[in-house]
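Subject: The structure you asked to look through

Hi,

Here is the structure I promised to pass on. Have a look at it first, and then read my notes underneath.

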Amino acid sequence: MTSTNCPSWCHSDHPEGEPEPIRHYGPHWPPMRGEDRFSADVAAVKNEFGSVGVWLSAEHEEFLTPVHARSVARALLAAADWVDDNRNT
């Protein structure tokens, strides 16, 4: 972290000299990878408007198996809980 304006939980590697980072990424949950190129990532993020929330990135539309759906659901719930507990830090 190079920015002095980062929240204490920021894991982003901001470029040197960046005047004000657009986003701050907090903890990431283990990425979910599956069959047929399934890929989903969940993290906590502070966006460009200063709101802290849950970030979800998925590669493409996917038919989820029950195992994949539960993995994504657990990660989303954990991220939501983390955001609730750390919104003001």
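Let's begin with a single residue: aspartate 41 sits in strand β3. Keep in mind that this is a predicted model. Is aspartate 41 buried or exposed? With a relative accessible area of 19%, aspartate 41 counts as buried, because the cut-off for buried is under 20%. Setting aside its neighbours within four places in sequence, aspartate 41 is in contact with Pro31, Arg33, Trp55, Leu56 and Ser57.

Now for the overall layout. The protein chain has one helix and four strands, and along the sequence they come in the order β-β-β-β-α. Of the 89 residues in the chain, 33% are buried. If you take contacts between residues at least 6 apart in sequence, 37% of them join residues at least 24 apart. The chain exposes about 6000 Å², and carbon and sulfur atoms supply 52% of that area.

The helix, α1, is a good one to rotate on your screen. It covers residues 66-86, which is 21 residues. From first C-alpha to last, α1 reaches 30 Å, close to the 30 Å expected at 1.5 Å a residue. Which residues of α1 are buried? They are His68, Val72, Ala75, Ala79, Trp82, Val83 and Asn86. Look down the axis of α1 and these buried residues fall within an arc of 100 degrees, so they line one face of the helix. A bit of background helps here: an α-helix has 3.6 residues a turn, so residues three or four places apart point the same way. On the other side of α1, you'll find Pro66, Val67, Arg74, Leu77, Asp84 and Asp85 exposed. And what do the buried residues of α1 pack against? They pack against β1 (24-28), β2 (32-33), β3 (39-46) and β4 (52-58).

That takes us to the core. In soluble globular proteins, nonpolar side chains tend to be buried together. Here, the largest nonpolar core has 13 residues, and Trp29, Met32, Val42 and Trp82 touch the most other members. The elements that give two or more residues to this core are β3 and α1, and the largest share, five residues, comes from α1. Tryptophan 29 is worth clicking on: leaving out residues up to four places away in sequence, it touches Val42, Ala43, Ala44, Ala75, Ala78, Ala79 and Trp82.

Next, the cysteines. How many disulfides are there? The count comes to zero. Take cysteine 6 and cysteine 10: the sulfur of cysteine 6 has its closest cysteine sulfur in cysteine 10, 3.8 Å away, which is too far for a bond, because a disulfide needs the two sulfur atoms within 2.5 Å. Both residues are tucked away from the surface by the numbers: cysteine 6 is buried, with a relative accessible area of 17%, and cysteine 10 is buried too, at 2%.

Last one: phenylalanine 49, in the loop between β3 and β4. Is phenylalanine 49 buried or exposed? At 69% relative accessibility it counts as exposed, because the cut-off for exposed is over 50%. Its C-alpha is separated by 8.5 Å from that of isoleucine 22, and the two residues are 27 apart along the chain.

Happy browsing!

Notes. Residues are numbered from 1 along each chain as its sequence is written. This is a predicted model: local features need pLDDT of at least 70, side-chain atom pairs count only at pLDDT 80 or more; totals for chains, interfaces and linings use all residues. Side-chain values use heavy atoms; hydrogens and water are left out. The expected span of a helix is 1.5 Å times one less than its number of residues. Buried means under 20% relative accessible area, exposed over 50%, partly exposed in between (1.4 Å probe, protein chains only). The arc is that of the directions from the helix axis to the C-beta atoms. Contact means heavy atoms within 4.5 Å. A nonpolar core is a set of buried Ala, Val, Leu, Ile, Met, Phe, Trp, Tyr and Cys residues joined through side-chain atoms within 4.5 Å. Accessible areas come from the Shrake-Rupley method with a 1.4 Å probe; for residues, only the protein chains shown count as cover.
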